[in-house]
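Me: Could you take me through one part of this protein slowly? I'd like a close look at a single strand and its neighbours.

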Amino acid sequence: MNYLSVENISKAYGERVLFDDLSFGINKDQKIAFVAKNGSGKTSILNIIAGKDTPDTGQIISRKGIHLAYLAQDSDFDGNLTVEETIFSTENKILPVIQEYEAALQNPDDQDAYQKAFEQMEQHNAWDFETQYKQILSKLKLDNLQQKVGKLSGGQRKRLALAIILINKPDLLILDEPTNHLDLEMIEWLEAFFAKEKITLFMVTHDRYFLERVCNEIIELDNGKLYKYKGNYSYYLQNKEERLALEATNLSKAKSLFKKELDWMRRQPKARTTKSKSRIDDFFEIKKKAHQRRQEHQVQLEINMERLGSKIVELHNIKKSFDDKVILNGFDYVFKRGERIGIIGKNGTGKSSFLNMLTGQIPLDGGKVVVGETVKFGYYTQKGIQIKEGQKVIDVIKEFGEYIPLTKGRKISAAQLLERFLFSRKKQHDFVEKLSGGEQKRLYLCAVLIQNPNFLILDEPTNDLDVVTLNVLEAFLLDYPGNLLVVSHDRYFMDKIVDSLFVFQGEGVVENFPGNYTDFRAYESSQVPESKKVEKVAEKAQKQPNKGSLSYNEKREYGLLESDIEKLQKRRQVIEAAFTDGTIDTDDIQEKSLELQEIIQSIEEKEERWFELSMKLEG
(Lines give C-alpha, C1' and ligand atoms only; values in the text may rest on other atoms or scores of the structure.)
Protein backbone atom coordinates (compact mmCIF):
# COMPACT_ATOMS: atom_id res chain seq x y z
CA MET A 1 0.00 0.00 0.00
CA ASN A 2 1.45 3.34 -1.08
CA TYR A 3 1.44 5.97 1.69
CA LEU A 4 3.20 8.80 -0.10
CA SER A 5 4.69 9.60 -3.51
CA VAL A 6 7.36 12.18 -4.28
CA GLU A 7 7.03 13.28 -7.90
CA ASN A 8 9.70 15.24 -9.80
CA ILE A 9 10.58 17.65 -6.99
CA SER A 10 13.32 20.28 -7.33
CA LYS A 11 14.73 22.91 -4.99
CA ALA A 12 17.22 25.72 -5.49
CA TYR A 13 18.34 28.80 -3.56
CA GLY A 14 19.42 31.37 -6.12
CA GLU A 15 22.02 29.75 -8.36
CA ARG A 16 22.61 26.91 -5.93
CA VAL A 17 20.61 23.84 -7.01
CA LEU A 18 20.11 21.42 -4.10
CA PHE A 19 18.36 18.71 -6.11
CA ASP A 20 16.41 18.40 -9.34
CA ASP A 21 13.64 16.12 -10.65
CA LEU A 22 13.62 13.58 -7.80
CA SER A 23 10.90 10.90 -7.59
CA PHE A 24 10.33 7.99 -5.20
CA GLY A 25 7.58 6.38 -3.10
CA ILE A 26 7.06 5.32 0.52
CA ASN A 27 4.94 2.21 1.10
CA LYS A 28 3.34 0.76 4.24
CA ASP A 29 5.78 -1.01 6.62
CA GLN A 30 8.88 0.21 4.79
CA LYS A 31 11.71 1.48 6.97
CA ILE A 32 13.70 3.69 4.60
CA ALA A 33 16.93 5.55 5.28
CA PHE A 34 17.78 8.49 3.01
CA VAL A 35 21.54 8.83 2.50
CA ALA A 36 23.34 11.80 0.89
CA LYS A 37 26.28 14.12 1.45
CA ASN A 38 25.94 17.19 3.67
CA GLY A 39 24.63 20.10 1.63
CA SER A 40 22.66 17.85 -0.76
CA GLY A 41 19.33 19.01 0.68
CA LYS A 42 18.38 16.05 2.91
CA THR A 43 16.62 18.22 5.51
CA SER A 44 14.93 20.24 2.74
CA ILE A 45 13.52 17.01 1.28
CA LEU A 46 12.19 15.97 4.71
CA ASN A 47 10.61 19.41 5.19
CA ILE A 48 8.93 19.17 1.77
CA ILE A 49 7.58 15.66 2.48
CA ALA A 50 6.29 16.82 5.89
CA GLY A 51 4.59 19.89 4.37
CA LYS A 52 6.90 22.37 6.13
CA ASP A 53 8.30 23.60 2.82
CA THR A 54 7.31 23.57 -0.85
CA PRO A 55 9.35 22.38 -3.85
CA ASP A 56 10.16 24.70 -6.75
CA THR A 57 8.74 22.07 -9.10
CA GLY A 58 6.95 18.76 -8.62
CA GLN A 59 4.53 17.61 -5.94
CA ILE A 60 3.96 15.35 -2.93
CA ILE A 61 0.93 13.07 -3.10
CA SER A 62 -0.09 11.36 0.15
CA ARG A 63 -2.79 8.76 0.78
CA LYS A 64 -6.06 10.21 2.04
CA GLY A 65 -6.39 10.06 5.83
CA ILE A 66 -2.73 9.20 6.41
CA HIS A 67 -1.40 10.30 9.81
CA LEU A 68 2.12 11.67 9.27
CA ALA A 69 4.46 12.89 12.02
CA TYR A 70 7.79 14.70 11.62
CA LEU A 71 10.70 14.74 14.06
CA ALA A 72 12.71 17.78 12.98
CA GLN A 73 16.14 18.89 14.21
CA ASP A 74 14.53 21.72 16.19
CA SER A 75 11.19 21.50 18.01
CA ASP A 76 8.81 24.41 18.52
CA PHE A 77 7.17 24.10 21.95
CA ASP A 78 5.38 26.55 24.25
CA GLY A 79 7.99 27.18 26.95
CA ASN A 80 5.30 28.09 29.52
CA LEU A 81 3.75 24.60 29.47
CA THR A 82 5.01 21.71 31.57
CA VAL A 83 6.26 18.49 29.99
CA GLU A 84 3.00 16.76 30.91
CA GLU A 85 0.84 19.61 29.56
CA THR A 86 2.81 19.55 26.31
CA ILE A 87 2.29 15.80 25.90
CA PHE A 88 -1.43 15.97 26.67
CA SER A 89 -1.99 18.98 24.38
CA THR A 90 -1.58 16.75 21.31
CA GLU A 91 -4.55 15.42 19.32
CA ASN A 92 -4.33 11.85 20.64
CA LYS A 93 -7.81 10.86 21.90
CA ILE A 94 -6.59 8.29 24.45
CA LEU A 95 -4.22 10.65 26.31
CA PRO A 96 -7.00 12.74 27.96
CA VAL A 97 -8.62 9.46 29.12
CA ILE A 98 -5.36 8.43 30.80
CA GLN A 99 -4.99 11.91 32.26
CA GLU A 100 -8.45 11.70 33.87
CA TYR A 101 -7.65 8.26 35.25
CA GLU A 102 -4.34 9.44 36.73
CA ALA A 103 -6.14 12.40 38.33
CA ALA A 104 -8.79 10.08 39.81
CA LEU A 105 -6.08 7.93 41.40
CA GLN A 106 -4.79 11.01 43.22
CA ASN A 107 -8.27 11.55 44.76
CA PRO A 108 -9.36 8.11 46.05
CA ASP A 109 -12.22 9.60 48.12
CA ASP A 110 -14.11 10.62 44.97
CA GLN A 111 -15.44 7.19 44.01
CA ASP A 112 -17.75 8.55 41.29
CA ALA A 113 -14.86 10.23 39.47
CA TYR A 114 -12.76 7.08 39.80
CA GLN A 115 -15.56 4.85 38.47
CA LYS A 116 -16.17 7.15 35.52
CA ALA A 117 -12.44 7.32 34.71
CA PHE A 118 -12.12 3.55 35.04
CA GLU A 119 -15.02 2.98 32.64
CA GLN A 120 -13.46 5.36 30.11
CA MET A 121 -10.21 3.41 30.31
CA GLU A 122 -12.14 0.21 29.66
CA GLN A 123 -14.13 1.74 26.80
CA HIS A 124 -11.02 3.02 25.00
CA ASN A 125 -8.95 -0.09 25.83
CA ALA A 126 -6.34 2.29 27.23
CA TRP A 127 -4.57 -0.03 29.69
CA ASP A 128 -1.86 -1.24 27.33
CA PHE A 129 -1.52 2.24 25.92
CA GLU A 130 -0.91 3.64 29.40
CA THR A 131 1.84 1.06 30.04
CA GLN A 132 3.59 1.84 26.76
CA TYR A 133 3.19 5.60 27.26
CA LYS A 134 4.91 5.40 30.66
CA GLN A 135 7.61 3.11 29.29
CA ILE A 136 8.44 5.59 26.49
CA LEU A 137 8.74 8.49 28.95
CA SER A 138 10.88 6.38 31.28
CA LYS A 139 13.23 5.16 28.55
CA LEU A 140 13.74 8.72 27.26
CA LYS A 141 14.45 9.96 30.82
CA LEU A 142 11.48 12.34 30.92
CA ASP A 143 10.66 11.66 34.55
CA ASN A 144 9.89 15.19 35.77
CA LEU A 145 6.57 15.80 34.03
CA GLN A 146 6.00 19.06 35.94
CA GLN A 147 9.15 20.75 34.61
CA LYS A 148 8.56 23.75 32.35
CA VAL A 149 9.52 23.10 28.73
CA GLY A 150 11.30 26.45 28.64
CA LYS A 151 13.76 25.11 31.25
CA LEU A 152 14.66 22.00 29.21
CA SER A 153 18.01 21.62 27.45
CA GLY A 154 18.15 21.20 23.66
CA GLY A 155 18.62 17.45 24.09
CA GLN A 156 15.65 17.15 26.45
CA ARG A 157 13.42 19.06 24.01
CA LYS A 158 14.46 16.68 21.21
CA ARG A 159 13.62 13.70 23.43
CA LEU A 160 10.25 15.24 24.33
CA ALA A 161 9.44 15.69 20.63
CA LEU A 162 10.42 12.06 19.99
CA ALA A 163 8.31 10.83 22.94
CA ILE A 164 5.21 12.69 21.70
CA ILE A 165 5.59 11.19 18.23
CA LEU A 166 6.07 7.63 19.53
CA ILE A 167 3.14 7.95 21.92
CA ASN A 168 0.82 9.16 19.14
CA LYS A 169 1.71 6.22 16.85
CA PRO A 170 1.55 7.84 13.38
CA ASP A 171 1.11 5.82 10.18
CA LEU A 172 4.22 7.39 8.67
CA LEU A 173 7.09 8.77 10.73
CA ILE A 174 9.62 11.19 9.19
CA LEU A 175 12.84 11.45 11.24
CA ASP A 176 15.75 13.88 10.92
CA GLU A 177 18.75 12.48 12.86
CA PRO A 178 16.65 10.75 15.56
CA THR A 179 19.68 9.53 17.56
CA ASN A 180 21.18 12.99 18.10
CA HIS A 181 20.96 14.00 21.80
CA LEU A 182 20.23 10.41 22.90
CA ASP A 183 22.68 8.49 25.03
CA LEU A 184 23.70 4.94 24.07
CA GLU A 185 21.11 3.27 26.29
CA MET A 186 18.30 5.33 24.73
CA ILE A 187 19.56 4.65 21.20
CA GLU A 188 19.57 0.90 21.78
CA TRP A 189 16.06 1.05 23.22
CA LEU A 190 14.80 3.12 20.23
CA GLU A 191 16.53 0.72 17.85
CA ALA A 192 14.72 -2.24 19.42
CA PHE A 193 11.42 -0.30 19.49
CA PHE A 194 11.52 0.47 15.75
CA ALA A 195 12.75 -3.02 14.86
CA LYS A 196 9.72 -4.70 16.48
CA GLU A 197 6.99 -2.08 15.86
CA LYS A 198 4.99 -2.20 12.64
CA ILE A 199 5.59 1.43 11.78
CA THR A 200 6.54 3.03 8.47
CA LEU A 201 9.72 5.11 8.66
CA PHE A 202 11.53 7.54 6.39
CA MET A 203 14.64 8.88 8.07
CA VAL A 204 17.94 10.66 7.73
CA THR A 205 20.52 9.29 10.18
CA HIS A 206 24.30 8.94 10.34
CA ASP A 207 24.12 6.09 12.90
CA ARG A 208 25.25 3.09 10.85
CA TYR A 209 24.33 0.46 13.46
CA PHE A 210 20.87 2.04 13.53
CA LEU A 211 20.73 1.78 9.72
CA GLU A 212 21.89 -1.83 9.90
CA ARG A 213 19.36 -3.01 12.48
CA VAL A 214 16.27 -0.91 11.69
CA CYS A 215 16.12 -0.10 7.96
CA ASN A 216 15.02 -2.50 5.23
CA GLU A 217 15.66 -0.10 2.35
CA ILE A 218 18.16 2.68 1.64
CA ILE A 219 17.71 5.46 -0.90
CA GLU A 220 20.91 7.29 -1.81
CA LEU A 221 21.14 10.67 -3.54
CA ASP A 222 24.52 10.73 -5.29
CA ASN A 223 25.57 13.31 -7.90
CA GLY A 224 21.95 14.28 -8.50
CA LYS A 225 20.69 10.72 -9.07
CA LEU A 226 18.69 8.43 -6.80
CA TYR A 227 19.80 4.85 -6.18
CA LYS A 228 17.61 2.37 -4.28
CA TYR A 229 18.93 -0.57 -2.26
CA LYS A 230 16.43 -3.15 -0.95
CA GLY A 231 18.30 -4.10 2.20
CA ASN A 232 20.11 -2.85 5.28
CA TYR A 233 23.38 -0.91 5.58
CA SER A 234 25.65 -3.92 4.89
CA TYR A 235 23.69 -4.70 1.72
CA TYR A 236 23.93 -1.04 0.69
CA LEU A 237 27.72 -0.93 1.13
CA GLN A 238 28.24 -4.12 -0.86
CA ASN A 239 25.98 -3.09 -3.74
CA LYS A 240 27.28 0.48 -3.85
CA GLU A 241 30.82 -0.86 -4.28
CA GLU A 242 29.60 -3.00 -7.18
CA ARG A 243 27.83 0.01 -8.73
CA LEU A 244 30.92 2.23 -8.42
CA ALA A 245 33.12 -0.51 -9.92
CA LEU A 246 30.74 -0.81 -12.88
CA GLU A 247 30.70 2.98 -13.31
CA ALA A 248 34.53 3.04 -13.26
CA THR A 249 34.63 0.31 -15.94
CA ASN A 250 32.13 2.18 -18.12
CA LEU A 251 34.08 5.42 -17.63
CA SER A 252 37.30 3.70 -18.70
CA LYS A 253 35.60 2.34 -21.84
CA ALA A 254 34.17 5.78 -22.61
CA LYS A 255 37.64 7.36 -22.33
CA SER A 256 39.13 4.76 -24.70
CA LEU A 257 36.34 5.30 -27.20
CA PHE A 258 36.74 9.07 -26.84
CA LYS A 259 40.44 8.87 -27.80
CA LYS A 260 39.59 6.76 -30.84
CA GLU A 261 36.84 9.12 -31.98
CA LEU A 262 39.02 12.17 -31.30
CA ASP A 263 41.60 10.82 -33.78
CA TRP A 264 38.84 10.33 -36.33
CA MET A 265 37.51 13.88 -35.78
CA ARG A 266 40.94 15.37 -36.37
CA ARG A 267 41.37 13.47 -39.65
CA GLN A 268 37.99 14.52 -41.09
CA PRO A 269 37.75 17.05 -43.95
CA LYS A 270 35.55 20.12 -43.51
CA ALA A 271 32.84 18.73 -45.80
CA ARG A 272 30.63 16.42 -43.76
CA THR A 273 28.35 13.66 -44.99
CA THR A 274 25.08 12.82 -43.23
CA LYS A 275 26.71 9.70 -41.82
CA SER A 276 29.71 11.61 -40.46
CA LYS A 277 27.43 14.24 -38.88
CA SER A 278 25.64 11.48 -37.00
CA ARG A 279 28.98 10.14 -35.83
CA ILE A 280 29.99 13.66 -34.75
CA ASP A 281 26.83 13.92 -32.61
CA ASP A 282 27.72 10.57 -31.07
CA PHE A 283 31.25 11.84 -30.44
CA PHE A 284 30.03 14.73 -28.29
CA GLU A 285 27.83 12.35 -26.28
CA ILE A 286 30.86 10.09 -25.76
CA LYS A 287 32.94 13.11 -24.76
CA LYS A 288 30.36 14.04 -22.11
CA LYS A 289 30.47 10.56 -20.56
CA ALA A 290 34.27 10.34 -20.73
CA HIS A 291 34.73 13.60 -18.85
CA GLN A 292 32.47 12.77 -15.93
CA ARG A 293 34.17 13.38 -12.60
CA ARG A 294 32.90 12.04 -9.30
CA GLN A 295 32.96 14.81 -6.71
CA GLU A 296 34.43 12.58 -4.01
CA HIS A 297 37.79 12.69 -2.32
CA GLN A 298 39.20 10.16 0.09
CA VAL A 299 41.12 11.84 2.90
CA GLN A 300 44.62 10.37 3.17
CA LEU A 301 46.35 12.86 5.43
CA GLU A 302 49.67 11.84 6.94
CA ILE A 303 50.18 14.71 9.32
CA ASN A 304 53.71 15.27 10.53
CA MET A 305 52.69 16.32 14.04
CA GLU A 306 55.02 17.49 16.78
CA ARG A 307 56.45 14.47 18.58
CA LEU A 308 55.02 13.66 22.01
CA GLY A 309 57.47 13.44 24.92
CA SER A 310 57.49 10.81 27.66
CA LYS A 311 54.96 12.78 29.76
CA ILE A 312 51.57 13.16 28.07
CA VAL A 313 48.75 14.02 30.50
CA GLU A 314 48.46 12.91 34.12
CA LEU A 315 45.28 13.13 36.22
CA HIS A 316 45.81 12.99 39.98
CA ASN A 317 42.84 12.58 42.36
CA ILE A 318 40.49 14.69 40.21
CA LYS A 319 37.32 15.85 41.95
CA LYS A 320 34.41 17.81 40.54
CA SER A 321 30.79 18.45 41.54
CA PHE A 322 28.04 20.77 40.41
CA ASP A 323 26.00 21.52 43.54
CA ASP A 324 24.99 18.05 44.82
CA LYS A 325 25.81 16.30 41.55
CA VAL A 326 29.15 14.48 41.72
CA ILE A 327 30.98 14.20 38.38
CA LEU A 328 34.38 12.87 39.53
CA ASN A 329 35.43 11.72 42.96
CA GLY A 330 39.18 11.12 43.11
CA PHE A 331 39.82 10.00 39.50
CA ASP A 332 43.40 9.03 38.57
CA TYR A 333 44.83 8.25 35.15
CA VAL A 334 48.16 8.57 33.33
CA PHE A 335 47.82 8.76 29.53
CA LYS A 336 50.36 6.80 27.50
CA ARG A 337 51.63 7.82 24.08
CA GLY A 338 49.26 6.93 21.22
CA GLU A 339 46.30 5.84 23.37
CA ARG A 340 42.86 5.90 21.72
CA ILE A 341 40.15 6.18 24.38
CA GLY A 342 36.39 6.51 23.96
CA ILE A 343 34.13 8.01 26.63
CA ILE A 344 30.60 6.65 27.10
CA GLY A 345 27.88 7.10 29.70
CA LYS A 346 24.33 8.34 30.14
CA ASN A 347 23.47 11.97 29.48
CA GLY A 348 24.37 14.15 32.45
CA THR A 349 27.13 11.96 33.88
CA GLY A 350 29.80 14.58 33.11
CA LYS A 351 31.48 13.43 29.88
CA SER A 352 31.81 16.90 28.32
CA SER A 353 32.68 18.41 31.71
CA PHE A 354 35.57 15.94 31.95
CA LEU A 355 36.96 17.15 28.62
CA ASN A 356 36.63 20.75 29.75
CA MET A 357 38.52 19.95 32.96
CA LEU A 358 41.27 18.19 31.01
CA THR A 359 41.78 21.23 28.76
CA GLY A 360 41.48 23.81 31.56
CA GLN A 361 38.12 25.19 30.39
CA ILE A 362 36.54 24.72 33.84
CA PRO A 363 38.24 24.59 37.27
CA LEU A 364 38.67 21.47 39.41
CA ASP A 365 37.31 21.11 42.94
CA GLY A 366 40.34 19.03 43.91
CA GLY A 367 43.35 17.21 42.49
CA LYS A 368 45.42 18.34 39.52
CA VAL A 369 45.94 17.89 35.79
CA VAL A 370 49.58 17.75 34.65
CA VAL A 371 50.08 18.35 30.90
CA GLY A 372 53.40 17.44 29.23
CA GLU A 373 55.43 20.25 27.63
CA THR A 374 55.17 18.78 24.12
CA VAL A 375 51.38 18.26 24.22
CA LYS A 376 49.31 20.34 21.81
CA PHE A 377 45.57 19.86 22.24
CA GLY A 378 43.13 19.96 19.34
CA TYR A 379 39.68 20.30 20.91
CA TYR A 380 36.50 19.82 18.87
CA THR A 381 33.55 20.88 21.07
CA GLN A 382 29.79 20.54 20.67
CA LYS A 383 29.42 24.32 20.36
CA GLY A 384 30.75 24.20 16.83
CA ILE A 385 32.14 27.06 14.83
CA GLN A 386 31.46 30.73 15.58
CA ILE A 387 30.11 32.19 12.35
CA LYS A 388 31.24 35.70 11.45
CA GLU A 389 29.03 37.62 9.05
CA GLY A 390 30.56 37.89 5.60
CA GLN A 391 33.33 35.35 6.29
CA LYS A 392 34.15 32.82 3.58
CA VAL A 393 34.97 29.14 4.13
CA ILE A 394 38.64 29.49 3.17
CA ASP A 395 39.08 32.49 5.50
CA VAL A 396 37.94 30.44 8.51
CA ILE A 397 40.74 27.91 8.01
CA LYS A 398 43.40 30.52 7.25
CA GLU A 399 42.76 32.11 10.64
CA PHE A 400 44.37 29.01 12.16
CA GLY A 401 47.09 28.43 9.57
CA GLU A 402 48.06 28.67 5.92
CA TYR A 403 49.27 25.07 5.74
CA ILE A 404 50.09 21.97 7.78
CA PRO A 405 53.25 19.86 7.41
CA LEU A 406 52.95 16.30 6.11
CA THR A 407 55.46 13.44 6.22
CA LYS A 408 58.48 13.27 3.87
CA GLY A 409 58.89 17.05 3.86
CA ARG A 410 55.61 17.74 2.09
CA LYS A 411 52.96 20.21 3.15
CA ILE A 412 49.33 20.84 2.38
CA SER A 413 47.70 24.25 2.00
CA ALA A 414 44.48 25.33 3.68
CA ALA A 415 42.68 25.07 0.33
CA GLN A 416 44.00 21.55 -0.27
CA LEU A 417 42.93 20.45 3.22
CA LEU A 418 39.41 21.73 2.58
CA GLU A 419 39.32 19.98 -0.77
CA ARG A 420 40.30 16.71 0.88
CA PHE A 421 37.41 17.21 3.30
CA LEU A 422 34.96 17.48 0.39
CA PHE A 423 34.90 21.28 -0.05
CA SER A 424 35.39 22.04 -3.76
CA ARG A 425 37.41 25.10 -4.78
CA LYS A 426 34.17 26.85 -5.64
CA LYS A 427 32.60 25.91 -2.30
CA GLN A 428 35.59 27.34 -0.43
CA HIS A 429 34.57 30.83 -1.51
CA ASP A 430 30.97 30.49 -0.30
CA PHE A 431 29.94 32.45 2.77
CA VAL A 432 29.95 30.30 5.91
CA GLU A 433 26.36 31.22 6.78
CA LYS A 434 25.24 29.53 3.53
CA LEU A 435 26.58 26.14 4.65
CA SER A 436 24.32 23.40 6.02
CA GLY A 437 24.71 22.31 9.64
CA GLY A 438 26.72 19.25 8.59
CA GLU A 439 29.00 21.31 6.33
CA GLN A 440 29.70 23.72 9.18
CA LYS A 441 30.69 20.77 11.40
CA ARG A 442 33.00 19.52 8.65
CA LEU A 443 34.57 22.97 8.37
CA TYR A 444 35.08 23.05 12.14
CA LEU A 445 36.93 19.71 11.95
CA CYS A 446 39.28 21.18 9.36
CA ALA A 447 39.87 24.21 11.61
CA VAL A 448 40.88 21.88 14.46
CA LEU A 449 43.08 19.63 12.30
CA ILE A 450 45.03 22.41 10.54
CA GLN A 451 46.41 23.42 13.95
CA ASN A 452 48.38 20.13 13.80
CA PRO A 453 47.53 18.80 17.30
CA ASN A 454 49.19 15.74 18.79
CA PHE A 455 46.41 15.14 21.38
CA LEU A 456 43.04 15.24 19.64
CA ILE A 457 39.87 15.60 21.75
CA LEU A 458 36.51 15.17 19.99
CA ASP A 459 33.18 15.81 21.73
CA GLU A 460 30.35 14.24 19.69
CA PRO A 461 32.10 14.71 16.32
CA THR A 462 29.60 12.53 14.42
CA ASN A 463 26.51 14.68 15.05
CA ASP A 464 25.13 16.11 11.78
CA LEU A 465 27.85 14.51 9.63
CA ASP A 466 26.75 12.41 6.66
CA VAL A 467 27.90 8.82 6.17
CA VAL A 468 30.41 9.83 3.47
CA THR A 469 32.09 12.38 5.75
CA LEU A 470 32.12 9.89 8.63
CA ASN A 471 34.04 7.44 6.46
CA VAL A 472 36.47 10.25 5.58
CA LEU A 473 36.93 11.18 9.25
CA GLU A 474 37.41 7.56 10.28
CA ALA A 475 40.01 7.02 7.58
CA PHE A 476 41.95 10.00 8.95
CA LEU A 477 41.63 8.95 12.59
CA LEU A 478 42.75 5.39 11.87
CA ASP A 479 46.03 6.80 10.54
CA TYR A 480 46.32 9.50 13.21
CA PRO A 481 49.50 8.80 15.25
CA GLY A 482 48.75 11.01 18.30
CA ASN A 483 46.58 10.55 21.36
CA LEU A 484 42.84 10.41 20.79
CA LEU A 485 40.03 11.02 23.30
CA VAL A 486 36.47 10.82 21.97
CA VAL A 487 32.96 11.29 23.38
CA SER A 488 30.42 9.81 20.99
CA HIS A 489 27.11 7.95 20.97
CA ASP A 490 27.90 6.56 17.50
CA ARG A 491 28.63 2.91 18.30
CA TYR A 492 29.95 2.05 14.82
CA PHE A 493 32.37 5.00 14.99
CA MET A 494 33.56 4.06 18.48
CA ASP A 495 34.04 0.40 17.61
CA LYS A 496 36.18 1.38 14.64
CA ILE A 497 38.59 3.91 16.16
CA VAL A 498 39.04 3.37 19.93
CA ASP A 499 40.89 0.66 21.83
CA SER A 500 39.58 1.29 25.37
CA LEU A 501 36.83 3.17 27.20
CA PHE A 502 36.18 5.46 30.13
CA VAL A 503 32.68 4.42 31.24
CA PHE A 504 30.97 7.19 33.23
CA GLN A 505 28.59 5.36 35.55
CA GLY A 506 27.30 8.45 37.41
CA GLU A 507 27.81 9.54 41.04
CA GLY A 508 31.49 10.17 40.30
CA VAL A 509 32.24 6.57 39.28
CA VAL A 510 34.37 6.06 36.14
CA GLU A 511 35.34 2.57 34.96
CA ASN A 512 38.39 2.02 32.73
CA PHE A 513 37.43 -0.75 30.27
CA PRO A 514 40.04 -2.41 27.97
CA GLY A 515 38.01 -2.76 24.77
CA ASN A 516 35.61 -1.00 22.37
CA TYR A 517 31.87 -0.43 22.80
CA THR A 518 30.72 -3.81 21.49
CA ASP A 519 33.24 -5.54 23.79
CA PHE A 520 31.87 -3.58 26.74
CA ARG A 521 28.22 -4.42 25.96
CA ALA A 522 29.08 -8.12 25.67
CA TYR A 523 30.94 -7.98 28.99
CA GLU A 524 28.14 -6.02 30.66
CA SER A 525 25.49 -8.50 29.50
CA SER A 526 27.50 -11.41 30.85
CA GLN A 527 27.77 -9.73 34.27
CA VAL A 528 24.03 -9.23 34.85
CA PRO A 529 22.41 -12.45 36.14
CA GLU A 530 18.78 -13.10 35.30
CA SER A 531 17.92 -12.99 39.02
CA LYS A 532 19.13 -9.40 39.21
CA LYS A 533 16.86 -8.45 36.30
CA VAL A 534 13.91 -9.99 38.13
CA GLU A 535 14.83 -8.11 41.32
CA LYS A 536 14.99 -4.82 39.39
CA VAL A 537 11.55 -5.45 37.87
CA ALA A 538 10.13 -6.35 41.30
CA GLU A 539 11.68 -3.24 42.82
CA LYS A 540 10.16 -1.09 40.09
CA ALA A 541 6.79 -2.72 40.57
CA GLN A 542 6.93 -2.01 44.33
CA LYS A 543 7.34 1.67 43.59
CA GLN A 544 4.07 1.71 41.62
CA PRO A 545 1.19 3.30 43.57
CA ASN A 546 -1.26 0.84 45.10
CA LYS A 547 -4.28 0.85 42.81
CA GLY A 548 -6.26 -1.80 44.66
CA SER A 549 -7.29 -5.19 43.36
CA LEU A 550 -7.07 -6.19 39.73
CA SER A 551 -9.91 -5.41 37.34
CA TYR A 552 -11.53 -8.20 35.32
CA ASN A 553 -9.35 -7.36 32.28
CA GLU A 554 -6.20 -7.26 34.41
CA LYS A 555 -6.97 -10.65 35.97
CA ARG A 556 -7.47 -12.09 32.51
CA GLU A 557 -4.22 -10.47 31.31
CA TYR A 558 -2.40 -11.82 34.39
CA GLY A 559 -3.41 -15.40 33.55
CA LEU A 560 -2.56 -15.06 29.86
CA LEU A 561 0.87 -13.62 30.69
CA GLU A 562 1.83 -16.73 32.69
CA SER A 563 0.84 -18.94 29.77
CA ASP A 564 2.61 -16.73 27.19
CA ILE A 565 5.85 -16.58 29.19
CA GLU A 566 5.90 -20.38 29.55
CA LYS A 567 5.41 -20.87 25.79
CA LEU A 568 8.11 -18.31 24.94
CA GLN A 569 10.57 -19.93 27.38
CA LYS A 570 10.04 -23.31 25.71
CA ARG A 571 10.52 -21.84 22.23
CA ARG A 572 13.68 -20.08 23.43
CA GLN A 573 15.08 -23.37 24.79
CA VAL A 574 14.40 -25.12 21.46
CA ILE A 575 16.25 -22.46 19.41
CA GLU A 576 19.17 -22.23 21.86
CA ALA A 577 19.51 -26.02 21.84
CA ALA A 578 19.59 -26.01 18.02
CA PHE A 579 22.38 -23.44 18.06
CA THR A 580 24.29 -25.51 20.63
CA ASP A 581 24.15 -28.83 18.75
CA GLY A 582 24.62 -27.21 15.33
CA THR A 583 21.42 -28.55 13.73
CA ILE A 584 20.41 -25.17 12.26
CA ASP A 585 20.86 -24.87 8.50
CA THR A 586 23.38 -22.16 7.50
CA ASP A 587 20.72 -20.29 5.51
CA ASP A 588 18.46 -20.12 8.58
CA ILE A 589 21.02 -18.79 11.08
CA GLN A 590 20.20 -15.09 10.59
CA GLU A 591 16.44 -15.70 10.69
CA LYS A 592 16.70 -17.82 13.87
CA SER A 593 19.00 -15.26 15.50
CA LEU A 594 16.44 -12.50 14.91
CA GLU A 595 13.63 -14.75 16.20
CA LEU A 596 15.62 -15.53 19.36
CA GLN A 597 16.30 -11.82 19.92
CA GLU A 598 12.57 -11.02 19.59
CA ILE A 599 11.63 -13.86 21.96
CA ILE A 600 14.07 -12.66 24.65
CA GLN A 601 12.75 -9.10 24.29
CA SER A 602 9.15 -10.31 24.52
CA ILE A 603 9.89 -12.44 27.63
CA GLU A 604 11.45 -9.45 29.41
CA GLU A 605 8.47 -7.20 28.59
CA LYS A 606 5.89 -9.78 29.64
CA GLU A 607 7.77 -10.57 32.87
CA GLU A 608 7.89 -6.88 33.71
CA ARG A 609 4.13 -6.54 33.17
CA TRP A 610 3.50 -9.78 35.15
CA PHE A 611 5.43 -8.41 38.14
CA GLU A 612 3.54 -5.11 37.98
CA LEU A 613 0.23 -6.93 38.13
CA SER A 614 1.38 -9.39 40.80
CA MET A 615 2.56 -6.58 43.09
CA LYS A 616 -0.72 -4.76 42.53
CA LEU A 617 -2.61 -7.96 43.37
CA GLU A 618 -0.63 -8.42 46.60
CA GLY A 619 -1.24 -4.77 47.51
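Reply: Happy to; here is a walk along one strand and then across to the strands beside it. This is a predicted model, in which local features need pLDDT of at least 70 and side-chain atom pairs count only at pLDDT 80 or more, while totals for chains, interfaces and linings use all residues. Residues are numbered from 1 along each chain as its sequence is written, and side-chain values use heavy atoms, with hydrogens and water left out.

The part to look at is strand β6, residues 172-176. Strands here are DSSP runs of E with at least two residues, numbered from the N terminus. Five of the five residues of β6 are buried, so the strand is largely enclosed by the rest of the structure. Buried means under 20% relative accessible area, using a 1.4 Å probe and protein chains only.

Now follow the side chains. L172, I174 and D176 point one way from β6, whereas L173 and L175 point the other way. Residues on both sides are buried, D176 included.

Next come the neighbours. Two strands pair if DSSP finds at least two bridges between them. β6 is joined to strand β5, residues 68-71, by four bridges, and the two run parallel. In that pairing, L175 of β6 has L71 opposite. β6 also pairs with strand β7, residues 200-204, through five bridges, again in the parallel sense. Here L173 of β6 stands opposite L201 in β7.

To put the picture together, β6 has parallel pairings with β5 and with β7, and its five residues are buried.

Terms used: Buried means under 20% relative accessible area, exposed over 50%, partly exposed in between (1.4 Å probe, protein chains only).
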